[in-house]
Amino acid sequence: TGDNYQKSWVLLKKRYEKRRLIINTHVKELFELPNIYKENHITIRKFIDSTRNHIASLETLKEPVASWDTLIIYLLNSKLDSRTSKDWEEKLNNRPANKTNEMPTLEKYLEFLESRCQTLQMIDKNVKYNRSDKKVVLATTTEQNKTPQWTCAYCKNGHAIYACREFINLSVNNRTEEVKRLNLCLNCLKFGHMAQHCRSIACKKCNRKHHSLLHRDYNTTTVSQVDDQQANTSSTSSTESNTHTHQNNTVSAHCAHKEPVNILLSTAEILIYDKDGQLHICRALLDTGSQSHFITQELHKKLKLGTQHISLPVTGINETSTNITKGTSIKFKSCYNNSSFKLNCLIVPRLTSKLPQYKIDKVNLNLPVNIQLADSKFNIPGSIDVLIGADLFWELLCPNKIKLQKGQPILQETQLGWIISGPVNNPNSNPRLTCHLSVNDNLEIQIERFWKTEELTERERFSPEEIQCEEYFKTTTKRDNEGRYIVSLPKNDSVLLGDSLQTAIRRLQLLEKRLEKNQELKTKYHQFMNEYQAMGHMSEIKNKGEGDNVFYLPHHPVVRDHSVTTKVRVVFDGSAKTTSGSSLNDLLLVGPTIQPDLIHIILRFRTHQYVLTADIAMMYRQINIHDSDKNLQRICWRKDSNDEIKIFTLNTVTYGTSSAPFLATRCLAQLSEDEGENYSLAKQALKNDFYMDDLLTGSSTKEQTLRLRQELMKLLDKGKLPLRKWRSDDSTMLEDLQQGKYESLMVLNKEEPIKTLGLLWNSQDDTIQYSLSLKDPLGLIGPVVTSSKLIMQQLWKLNLSWDEPIPDSLRKLWLEFYNELRHLQDIKLPRNVNPNNAQLTFDIHGFSDASEKAFGAAIYAVSSDKKGNMHSYLICSKSRISPLKTLSIPRLELNGALLLCKLTSIVKKALKEKIRNTYHWTDSTIVLTWIKTPPHLLKTFISNRVAEIQRLSPDIPWYHVPSKQNPADVLSRGTTANNLITNQLWWLGPAYLTSSCDWPNQSLDNVEETLLELKSNPKFTLIATHNEELDTILHRFSSFQKLKRIIAYCRRFIYNTKTKENRNLGPLTVEELKE
C-alpha cells in the first residue's frame, strides 16, 4: 500500500543515506586506485573510468570537486607509469609562454589520458610485435635500396661480421687469426678498442672475454655435436640403441626454441604398464630433438618399476651438462590401436612445464570430426610424464597427414592416434622458452607440496646404494695410533671424472678479486687457510702427477655472523663440474642417514629434568682421509695474487662433499660400538642425542646428568673428537669446566638465548624463544606458519609473472602478516613439558581439526608434579594447507585425524617409555563414526585413510571435543603472532585436561547415514515366471543369434506396415539387432 511504501522508503533512507560515509568511500577509492607499471590501453581505460565515476558521484553529493583539480592531478599522476608521467610533463612544457605558469584542469588531464589510451589501442591493433627475451621490436618495412647500416670487415658486404657466412664457415682458429689481422676487438668484433676495454657481454659459453664465435670447446666430444661452422643449425647424429650401458656417453636433450608465435608441441595419451601389469593412462611428449627417452620420478614411483644404476651425462641448451644416475624399462600400449612398445628411459625429477602453456580454443582450429586425436586434451595445459625421443618417433608415424589453414598446426597420423603440432595464435599470450629437461626440483613443486594431499607410502629402510656404502665403510675404515678414524671415500665406479684444474684456477682468480674488495673478509679468509695448513688438515704437494681420480675443489667463503666460534668458514665446492660433465659429488656415494630425526632429539630434549648441550669441535676435520683418496680433494691456493699458484691436498673429511655427513656421523656410531662398553650412559647418548656435531641430551637427576657429561667427554676423547660450548639449565654442573684448565669456548656463559638445532634456548631461565624466523621444527608457532602458507597459496592461484604486481588486497594482507612477525620475539615458553614429575611419565592428548583453508594436529603433555598439581603443555604440532582440489569438510577432518596419528607415532617413537596413556580428540562426529567403521564398507578415499588410522592407532581411544575447546582450531585457520601470544588454549590445551571436571561426551547416534559415504550395496531381485508362448518360441530355434534376427525382422515388418515413408529395407542394421 501507499502507506507501507512511505514507511519502507523512510527505513531505506535511514539505513543507507549516510552521506559522510558515502563521500569517505569515494575519496578512499580515489586514493587507492591501482598503480600502473606498464603502458596498456586496457588498464589506462579502467583508470580513467574509475576516476570519472568517483568524481561524478562526489559532484552529485555536492562536494566542491571543481576546486580539487590540482590535488587530484598530482594523486593520479603519481600512480601512472614513468613514461606516461614524462609525456604529461613535456606536454605542459610545450604550451605557449603565456600559459606556462597556469595550472592544468582535471578535464585537460583526463583528455590527455584519453588520447594516450586511443594511441596505445591503435598500436596494439595495427603493429605486429616480435618478442625476444624482454625486448619489443616493431616490425617495419624498409626500402630495398636503403644503404646498409653495417659493413663487414671481412668480406666488405652490407652486414655485420658475426652474420657473415664466409666468416662463419672458417674454423675457430682461422676466425681468431682473421680478427687479429683486421685489428678487431676479440670480444665484440668491432674496431676502435681492445678486448680488455670492451664493455660488451663476454662469451655466452664460458663467460670469458672473447666472442662466442671464437670459443674453443675443450669438453669431451658428445654423441650429438653442434657443428662449430653452423651457428644456427644442428647436425643429426646416428640413432642410439635402446639399451643404456654404464659407459660415460652423453645424451643431448631437446629444448624448444622461442619463436615470435606460440608453437603447439606433439603430445599423446598412452597406456603404460606398472609392476603388476595394470594399465595407467599418462601423457607423453613426442620429441624428435631428443636422443633418449625420459620418465618422471613421480610416475616411476607410482608404477613401482625397477631401477637401473647408470651414469649418463645429458647435454642440453648452451651445452649445459647434467649427470643422470638412474634408468628404467617401461612397456606401454597405444590408446589408438593395440600396438605396444618397450623403451629404456632415463629417470628425471621433472621433464618440462605444463604443455601447452595456455588453454587453446579448439573451435578456431576447425579440426576434422572423423579422426581420433592422440591427446584428447591437447589444448589444456597439463603435466608431461614421459618423453619419447627420436629413436621411436619415426617408427610411430603413419603416411596420412592433414594440413589445416595457413598459420595453423598440422595433423599427423601415428600409431598413437592423430598428433597435432605447429603454430597457434593467441594475442594474449607471451611465448616463453621451454626446456624439456629439468633435473633440479622446481620451486613450484616445492611450494605445491604445502597443499598437495598426502600419499600413504612407506619409506624403504636402506637402498642398495646405501647398503653398499655401509659395507664399504666397515671394510675400509681404520684408526691410527691416537685413536683417530681414517676413512675412505665411498665411490660409484661407473662415474668418470674429467679435467677440473682450469675451473679451480678460474674460481680462485675470481675469489681473489672478491677478497681485494673486502679487506676484512680477506684477512679472515687467510687466517682460516693458514690455520687449516698449520693444523695439518691440508698439505702442499710438489708432484702434481695427474691420474684418473684427481679432482680440484673450488672454494669460497661463507659468513656466519651468529657463530660463536668461526665467523668465516671456507666451503669447498664438490659439485663443480669437470669437462666430462661429472663432479666429485656425482662420483661419491651419499650414504644412509645414521642418526635419528631432528624432531626426535628435540622432543626428548623437552622431557629431561636436567639438560646439557654441546658440540664437537671441527667434527669433519677430526677424521682423516685415506692417502689413496687425497687426490680427489686437491685445491689451488696462494697467499698473494702475484705468487705462483700452489696445489694442496685436504687430509680430512671435507665440508662440501656429498659423503662427508655420512662419514662423520658413521664414525660417531662406530665409536660407540668400539669404546662404549665402559660408558653406558654416553653410548646411548652418542646414538640417540647427536644431530651431526650438535649434542642435546639430559637426564632425570642432577647426579646422573653430571655423570653423563663426564662419560661423553671421555668417550669422545678416545676418538679425538673434543666437545666444547657446553651449556646447561643448571650452571653448577659446569663449574669444573670454568676453572681455566680448558679452552675459553668450553662453556658458553652468554645470557641471551643460543640457537640449538633450529630452536632458541635460553639456559638461564630454561625457556624456548623465537626470533624473526619461521623455522619451527616442533610446530610451536604452527598457526603463524599456516597464515604464511595460505598467503603463498593465494599467490599461486593468481599465476602471476615475476614482474607483475600483486593485487592490493593481497599486498595489504602480506604487509600485515610481515609487520606482526616482530611479536614472535615476545614468545617465551618452558622447555620442560614434564616439570618436577617424580614418576617421569605423562599422558599425551592429541587434537585434530580442519577448515576450508587447512587441517592440522597438536599434541599436549599432561602430568602432575610432586605436589599433585596438574600441568599441560604443547609438545608439537603439524599443519597442512587444504589442496586446491576442493574436498568436503568431513574429508578434510579425516585428513587431520590421519595427520594426528602420524604425529603421535613420531612422538611415541621418540619418547617411548615416558608416555603413560594416549588419547585422541576431534570435533567431527562423522570422522569418529568413520574410524569405528570397517574400512571395506567405506568409499575408497575414506577407506584408505581409515585403514591407515586404525593401523597407526589400534589401541588409542578417540573422543569428541567441542569446537570451542579444540586447540587445533586455530592451527587450521591461522592467526597472527600477536594473537597467538595470548591464546592460552593453544599453549596449554583445554582446561579440562588439568582439572577434575568430566571430559566432554558426545553421542554418535545422530550422524546421518547419507554423510557417512558408505559404499553402495547393490541388491538383485530374481523373479521367475512361466510363459507357455515364450517357451514355444525359445524351443523352435537352436541358436539365440538366429532367434534375434527373426524377431528383428518381425519388428521391422510391424514398423513398415504402420508407415508408408522411410521404410526399413535391405539387411538388418546394428540398431535393429540391439532393439
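How much of the chain over residues 501-531 is helix, how much is strand, and how many Å separate the end C-alpha atoms? The chain there is 94% helix and 0% strand, and its end C-alpha atoms lie 24 Å apart. These legends describe close-ups of a predicted model.

**View 1. Residues 501-531, a segment annotated in UniProt.**
The unreviewed UniProt entry lists residues 501-531 as "coiled-coil region". In the model, helix takes up 94% of this stretch and strand 0%. Helix H13 covers residues 501-516. Helix H13 also appears in the next view, as a contributor to a cavity lining.

**View 2. The second largest cavity, lined in part by helix H13.**
Searching the whole structure turns up three cavities of 30 Å³ or more. The second largest holds about 40 Å³ of space. Its lining consists of Ala504, Arg507, Leu508, Leu511, Leu553, Pro554, His555 and Cys636. Helix H13 gives the largest share of that lining, four residues. Sorted by class, the lining has six nonpolar residues, one polar and one charged.

**View 3. Tryptophan 88 and phenylalanine 112, an aromatic pair between two helices.**
The model has 22 aromatic pairs. In this one, the ring centres of tryptophan 88 and phenylalanine 112 are 5.2 Å apart. The planes of tryptophan 88 and phenylalanine 112 meet at 50 degrees, so the pair is tilted. An angle over 60 degrees would be needed for edge-to-face, and one under 30 for stacked. Tryptophan 88 belongs to helix H5 (residues 82-93), and phenylalanine 112 to helix H6 (residues 106-126). The pair links distant parts of the chain, with the two positions 24 residues apart in numbering. Both tryptophan 88 and phenylalanine 112 are buried.

**View 4. Phenylalanine 847 and tyrosine 860, a pair between two strands.**
Here the ring centres of phenylalanine 847 and tyrosine 860 are 5.9 Å apart. Their planes stand at 80 degrees, so the pair is edge-to-face. Phenylalanine 847 sits in strand E33 (residues 842-850), while tyrosine 860 sits in strand E34 (residues 854-864). The two are 13 residues apart, and the pair links distant parts of the chain. Are phenylalanine 847 and tyrosine 860 buried or exposed? Phenylalanine 847 is buried, at 0% relative accessible area. Tyrosine 860 is also buried, at 0% relative accessibility. Ring pairs extend the picture into a cluster made of Phe847, Tyr860, Tyr919, Trp921, Tyr959, Tyr992 and Trp999.

**View 5. Histidine 845, another residue of strand E33.**
Histidine 845 has 2% relative accessibility and counts as buried. Alanine 858 is 13 residues away from histidine 845 in sequence. In space, their C-alpha atoms are 8.4 Å apart.

**View 6. Two arginines placed over phenylalanine rings.**
The charged end of arginine 621 sits over the ring of phenylalanine 528. That charged end of arginine 621 is 5.4 Å from the ring centre. Arginine 831 lies over the face of phenylalanine 605. For arginine 831, the distance to the ring centre is 5.6 Å.

**View 7. A cis peptide bond before proline 356.**
The bond runs from leucine 355 to proline 356 and is cis. Its omega is near -10 degrees. Proline 356 is in the loop between strand E11 (340-348) and strand E12 (386-388).

**View 8. Two lysines with positive phi.**
Which element holds lysine 725? Lysine 725 is in strand E28 (residues 723-728). Its phi is near 55 degrees, positive in a residue other than glycine. Lysine 725 is buried, because its relative accessible area of 15% falls under the 20% limit. Lysine 912 has phi near 45 degrees, again positive in a residue other than glycine. Lysine 912 is in the loop between helix H22 (889-911) and strand E36 (915-922). With 55% relative accessible area, lysine 912 is exposed.

**View 9. Aspartate 274, a buried loop residue.**
The loop runs between strand E6 (267-273) and strand E7 (279-286). Aspartate 274 has 13% relative accessibility and counts as buried. Histidine 300 is 26 residues from aspartate 274 along the chain. A distance of 8.8 Å separates the C-alpha atoms of aspartate 274 and histidine 300.

Terms used: Residues are numbered from 1 along each chain as its sequence is written. This is a predicted model: local features need pLDDT of at least 70, side-chain atom pairs count only at pLDDT 80 or more; totals for chains, interfaces and linings use all residues. Side-chain values use heavy atoms; hydrogens and water are left out. Rings of Phe, Tyr and Trp (its six-membered ring) pair if their centres lie within 6.5 Å; planes under 30 degrees apart count as stacked, over 60 as edge-to-face and the rest as tilted. Buried means under 20% relative accessible area, exposed over 50%, partly exposed in between (1.4 Å probe, protein chains only). A charge sits over a ring if NZ of Lys or CZ of Arg is within 6 Å of the ring centre and within 35 degrees of the ring normal. On a 1 Å grid over the protein atoms alone, a cavity is a set of points where a 1.4 Å probe fits but cannot get out, and a pocket is an open set with protein on both sides within 12 Å along at least five of seven lines; lining residues have an atom within 4 Å of a point. Grid points are joined across faces, edges and corners, and a volume is the space filled by probe spheres set on the points. Ala, Val, Leu, Ile, Met, Phe, Trp, Tyr, Cys and Pro count as nonpolar, Asp, Glu, Lys and Arg as charged, and the others, Gly among them, as polar. UniProt positions are given in the numbering used here, feature names are shortened, and annotations may be inferred rather than shown by experiment.
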